[in-house]
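Here are my notes on the model you sent over. Have it open beside you while you read, and check each point against the view.

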Amino acid sequence: MIKSFKKRLITLGMGVFLFSYTCLAGGFVSCATDYAAEEEARRSLPIASNSYEEWPDGPAVGAQGAILMEAETGTILYEKNIHEKLYPASVTKILTCLIGAEQCQMDEDVVVSHDAVFSIPRNSSNIGLDEGEVITVEQCMYGILVASANEAANALAEHISGSMEEFVKLMNQRAAELGCENSHFVTTNGLHDDQHYTSPYDLALIARKFFDNELLCKMSSTPTYHIPQSPTQPDDDLYANTHNKLLFPGGKYNYEYLVGSKTGFTQDSRQTLVSCAEKDGMKLICVVMREETPHQFDDTISLFEYGFSNFQKLNIAANEKEYTVENHDFFQTDNDVFGASNPILSINPSDSVVIPITAVFDDLDSEITYDTESSSSVASIQYTYHGIPVGSATVDLAEGEVESSFDFEDQMESVGNETEEVAENTEAPDDRVVFVNVRVVIAWVIGIAGFLILLFVVKAVIDNYQFAQRRKVRNRHKKRRKFPSEFDDYDF
């Protein structure tokens, strides 16, 4: 009887276990199916860049928002919901580490506080730092970018600003300085908060600055990092290991052109990924937000391949042939009237445009503006392709002192080599040069002088006319006077 009861109890227990397991498994499958359905629905969302005139069609991706941007020019090659506010999760940490690199020396000591460790969930990403331990800023940032360590992000924030709350203010300030308009940061590490959000475009702006730093590129492309034992950090097994499959050596998603990358995930954000790759002198930033694993890696690689296969980077100074400013020849790309005089202005030789491989430089439209922030630049030329911004160039003052074209003493000394020098000066210049058109300036001077002379002549005529009128009046008055009498020679 007792054995039978036990047997029934065991059977009942197994039944409850199997029922519970089935329900839970079914729930997981249903949940996964829902996410898959959402991803498939997102794949059909419109891609804004595919509507650009004569622009290469980009791939359909399952991400809610995605952007591909050329790092140097800021040219947007691919855009899908790039200004939508989305949860960034741990890709937040690229802003945290950017500020760390800008404000700290790498050998500074970071003291791990109680709040830094115990304010994060136990199951969230960490590298096992304990309260009171001391590591360097460099070790802290490797922990953040390689293993996405949340406690390390908190510790770095406290080291820089004194508290996490003050550091978050600094994050929002720095984001605004970089041009972010759809971002608001609440945490140092991206742990979920309904008011912690950004957009693919804003993340790309932050990433441009982040991947412009060589050390940050190195940190974000490192698959594993060991923090050695020290008097202030007693653990010898403190390792930071990446979860980023783009960095797995020999893995399916390992990408040979990768410069650096940072992953992120929460239940609310889903998969997020910010990456940078460089090939043939073109550096691309890719941001993918709200995607399902492992398709964030598929999306990123597809977008990089789309960018490298369909676009070209052209140097502006080497391709600009006949530039005029608002259809006036005040500045022009030709020798000035004196032939061999040194250039006063030049197009920055490092500026470029990024355009489809099916286009040529002459297809671009340009517009000049004189509102520049640099003291060495007098103007900026903005280039567009069918209305799409593709790059810009600054018009800079020539470096060094400009020698006078009228130094007759030097001309006399070099008269014997004049023919040879003229021949050399007629060769095509290495850099695109913008000259002042002296003929136009002289024409303006002559015109102004002529106008002044004309004014002088008109004034003289008027004055002469007025003098003649006054003389006539005086003559009339004289005729009215009496004839002289015999008393005119006497005073009474």
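1. Of the contacts in the chain between residues at least 6 apart in sequence, what percentage join residues at least 24 apart? The figure is 65%. Bear in mind that this is a predicted model. For general orientation, the chain has 13 helices and 18 strands, and 41% of its 492 residues count as buried.

2. On to the cores. The largest nonpolar core has 66 residues, and M141, F211, L216 and I285 have the most contacts inside it. Helix α4 is the top contributor to this core, giving 8 residues. Another core lies apart from it, with 47 residues, including A66, F304, I368 and I381.

3. M141 is a good residue to click on. Leaving aside neighbours within four places in sequence, you'll find M141 in contact with C97, G100, A101, M106, L156, L216 and M219. M141 turns up in the contact of α4 with α2, and again where α4 meets α5.

4. Now the first of those helix pairs. Helix α2 (residues 93-103) packs with helix α4 (residues 137-147) at an angle of about 160°, and their axes are 10 Å apart. The two are therefore roughly antiparallel to each other, and α2 passes α4 in a left-handed crossing. On the α2 side the contact uses K93, C97, G100 and A101, while α4 supplies M141, I144 and L145. Sorted by class, that contact has 5 nonpolar, 1 polar and 1 charged residues.

5. The other pair is α4 with helix α5 (residues 150-161). Here the angle is about 140° and the axes are 8 Å apart, which makes α4 oblique to α5, as angles over 145 degrees would be needed for roughly antiparallel. This is a left-handed crossing too: α4 passes α5 that way, just as α2 passes α4. The residues that meet are V137, C140, M141 and I144 from α4, and A152, A153, L156 and H159 from α5. By class, the contact has 7 nonpolar, 1 polar and no charged residues.

6. How enclosed is helix α7 (residues 200-210) by the rest of the structure? Largely, because 8 of its 11 residues are buried. The buried ones are P200, D202, L203, A204, L205, I206, A207 and F210. Look around them and you'll see what they pack against: β1 (65-70), α2, α4, α8 (214-219), β8 (270-279) and β9 (282-291). Both α2 and α4, the pair from point 4, are on that list.

7. Next, M164, which sits in helix α6 (residues 164-177). Is M164 buried or exposed? With a relative accessibility of 16%, M164 counts as buried, the cut-off being under 20%. The C-alpha atoms of M164 and N154 are separated by 6.4 Å, with the two residues 10 apart along the chain. Setting aside neighbours within four places in sequence, M164 is in contact with D115, A116, S119, N154, A157, E158 and T188.

8. Last one: T263, in strand β7 (residues 258-266). T263 is buried, at a relative accessible area of 16%. Which residues does T263 touch, not counting those up to four places away in sequence? They are S90, V91, N244, T272, L273 and F297.

Conventions
Residues are numbered from 1 along each chain as its sequence is written. This is a predicted model: local features need pLDDT of at least 70, side-chain atom pairs count only at pLDDT 80 or more; totals for chains, interfaces and linings use all residues. Side-chain values use heavy atoms; hydrogens and water are left out. Helices (H or I, at least four residues) and strands (E, at least two) are DSSP runs, numbered from the N terminus. Buried means under 20% relative accessible area, exposed over 50%, partly exposed in between (1.4 Å probe, protein chains only). Contact means heavy atoms within 4.5 Å. Axes are lines fitted to C-alpha atoms, for helices over the stretch in contact, and angles run from 0 to 180 degrees between N-to-C directions. Angles under 35 degrees count as roughly parallel, over 145 as roughly antiparallel, 65 to 115 as roughly perpendicular and the rest as oblique. A crossing is left-handed if the near helix is turned anticlockwise from the far one by less than a right angle, and right-handed if clockwise. Ala, Val, Leu, Ile, Met, Phe, Trp, Tyr, Cys and Pro count as nonpolar, Asp, Glu, Lys and Arg as charged, and the others, Gly among them, as polar. A nonpolar core is a set of buried Ala, Val, Leu, Ile, Met, Phe, Trp, Tyr and Cys residues joined through side-chain atoms within 4.5 Å.
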